[in-house]
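Me: Hi! I'm new to reading protein models. Could you walk me through this one?

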Amino acid sequence: MKNYSVAVIGLGAMGMGAAKSCVNAGLNTYGVDLNPVALQTLKVHGAKAVGKSAVDFAQELDAVVLLVVNAAQVNAVLFGENGLAPHLKPNTAVMVSSTISAQDAQAISQKLTELGLLMLDAPVSGGAAKAAAGEMTVMASGSAQAFAKLQPVLDAVAGKVYRVGEEIGLGATVKIIHQLLAGVHIAAGAEAMALAAKAGIPLDLMYEVVTNAAGNSWMFENRMKHVVDGGLHPAFNG
């Protein structure tokens with residue numbers, strides 16, 4: 001869609017994949033991050049522009065996707081010193097995809113509404129690989145107008161979009177429930193591998209058995225592979 005412009009703010013493991021997917025879909029894509037390496041990576045991939053703030057190109061935007069770490073960062077980007085929200089055109093759609101509480105989502109939505117902006121409470125899941133493939137799972141709540149305005153972005157970044165309802169906060173609640181389950185699987189997987197190690201069972205063998213048996217889960221298969229490989233880098237995204 002040549003005349004549709006979106007800024008992706010937060011070019012980490014999920015944000016970079018989402019931004020590249022928007023470029024791949026033909027959207028005029030702007031990237032925002034504090035990391036110059038990430039900015040250059042997206043620029044080389046075909047972004048229209050990149051920078052440490054979206055304020056300079058705010059008037060060009062139809063949509064903003066926020067994939068920063070938490071509610072504090074969302075608020076800082078939108079409403080902090082030199083915040084983006086007051087510079088956006090009326091009816092610009094803001095897709096908040098950070099993992100935040102329902103209460104934070106509702107408070108952010110109220111501030112955006114007062115500025116004449118739309119919000120989609122739209123956490124994501126799937127990890128860096130799904131993000132890079134444009135196949136994230138999105139669990140979203142918001143108005144029909146917000147969904148419609150963000151449809152080109154959703155088409156670009158998501159394999160599945162679950163419409164949870166119109167009430168802001170429902171999307172965030174679904175993500176928190178999902179994260180509780182994910183955390184249980186990670187903790188149980190780590191305990192299982194520790195038990196195997198104490199018993200003298202090779203971890204690669206234990207991993208092979210579980211991933212081909214009923215005790216397997218996506219989290220075990222994905223996260224415990226790092227244990228088998230001896231990786232210490234945290235890969236717990238989405």
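**A walk through the model**

Reply: Happy to! V164 sits in strand β9, which covers residues 158-165. Strands here are DSSP runs of E with at least two residues, helices are runs of H or I with at least four residues, and both are numbered from the N terminus. This is a predicted model, where local features need pLDDT of at least 70, side-chain atom pairs count only at pLDDT 80 or more, and totals for chains, interfaces and linings use all residues. Residues are numbered from 1 along each chain as its sequence is written, and side-chain values use heavy atoms, with hydrogens and water left out.

Me: Thanks! Is V164 buried, partly exposed or exposed?

Reply: V164 is partly exposed, at 31% relative accessible area. Buried means under 20%, exposed means over 50%, and partly exposed is in between (1.4 Å probe, protein chains only).

Me: Which residues make a nonpolar surface patch with V164?

Reply: Y162 and V174 join V164 in a nonpolar patch of about 220 Å². Patch residues have over 30% relative accessible area and no salt bridge; nonpolar side chains (Val, Leu, Ile, Met, Phe, Trp, Tyr) are joined within 5 Å, like charges within 9 Å. A salt bridge is a side-chain nitrogen of Lys or Arg within 4 Å of a carboxyl oxygen of Asp or Glu. The areas come from the Shrake-Rupley method with a 1.4 Å probe, and for residues only the protein chains shown count as cover.

Me: New topic: β1. How many of its residues are buried?

Reply: Five of the five residues in β1 (residues 5-9) are buried. On one side these are S5, A7 and I9, and on the other V6 and V8, so both faces are covered. In a regular strand, side chains alternate between the two faces of the sheet.

Me: And which strands does β1 pair with?

Reply: β1 runs parallel to β2 (residues 28-32), with five bridges, and parallel to β4 (residues 63-66), with four bridges. Strands count as paired if DSSP finds at least two bridges between them. V8 has G31 as its bridge partner in β2, while A7 has V64 in β4.

Me: Last one: which non-glycine residues have a positive phi?

Reply: Among them are N82, at about 60°, and N91, at about 70°. N82 lies in the loop between α3 (71-79) and β5 (93-96), and N91 is in the loop between α3 and β5 as well. N82 is exposed at 52% relative accessible area, whereas N91 is partly exposed at 36%.
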